[in-house]
Amino acid sequence: MKKGIVLSIVFFLVLILVAVFTKPTRATFLEEANHRVMAAAEEISKDPVMVDVVKMQQEYLSLALEKTIHSSDYFFFSTHQFELGDGEYRYLGVFGFFIPLQKENPLDQFYQKHEKN
């Protein structure tokens, strides 16, 4: 019984230590956001008519994300938020991943949502 408790405590301490060293930073979040937006934009830019429009939009979105991302750094995790025209979006950064704290993830759905219109 004591051995199980000790192993559980050691596992928990190791987990906390890993969380401290793998929490993502604001720069990491900005890089991930830009990567996802650019990947979605590349599919649209295959259409020759849309190449210039998408390029301008990519530059604007990259600059807008850089200016609007607000990050808070905590001991075990970080939080990141930014605002788009349709609302504020928050993410939890833990163990090197970003977990959306709302139902929709605008980084994955921005172009898909606007393609249908």
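Modeller: Two strands are taken as paired if DSSP finds at least two bridges between them, and that rule is applied here to a predicted model.

Colleague: How do you know that S3 and S4 pair?

Modeller: Four bridges lie between S3 and S4, in the antiparallel sense, and because at least two bridges are required, these strands count as paired. Tyr91, for instance, stands opposite Pro100 in S4. S3 and S4 form a hairpin with two residues between them, and Phe95 in the turn has a positive phi of about 55 degrees.

Colleague: What joins strand S2 to strand S3?

Modeller: Strand S2 (residues 78-84) and strand S3 (residues 87-94) run antiparallel and are joined by seven bridges, so they too satisfy the requirement of at least two. Within this pair, Thr79 stands opposite Leu92 in S3.

Colleague: Why are S1 and S4 called edge strands?

Modeller: The open sheet has four strands in the order S1-S2-S3-S4, with antiparallel pairing. Strand S1 (70-73) and strand S4 (97-100) each pair on one side only, which is what makes them the edge strands.

Colleague: Why does Val6 count as partly exposed rather than buried or exposed?

Modeller: The relative accessibility of Val6 is 48%; since buried means under 20% and exposed over 50%, Val6 falls in between and is therefore called partly exposed.

Colleague: What makes up the nonpolar surface patch of about 920 Å²?

Modeller: Val6, which lies in helix H1, is one of its residues, and others include Phe11, Phe95 and Ile99. Helix H1 (2-22) and S4 each supply at least two residues of the patch, and H1 gives the most, with six.

Key:
Residues are numbered from 1 along each chain as its sequence is written. This is a predicted model: local features need pLDDT of at least 70, side-chain atom pairs count only at pLDDT 80 or more; totals for chains, interfaces and linings use all residues. Side-chain values use heavy atoms; hydrogens and water are left out. Patches are made of residues with over 30% relative accessible area and no salt bridge: like charges are joined within 9 Å, nonpolar side chains (Val, Leu, Ile, Met, Phe, Trp, Tyr) within 5 Å. Accessible areas come from the Shrake-Rupley method with a 1.4 Å probe; for residues, only the protein chains shown count as cover. A salt bridge is a side-chain nitrogen of Lys or Arg within 4 Å of a carboxyl oxygen of Asp or Glu. Buried means under 20% relative accessible area, exposed over 50%, partly exposed in between (1.4 Å probe, protein chains only).
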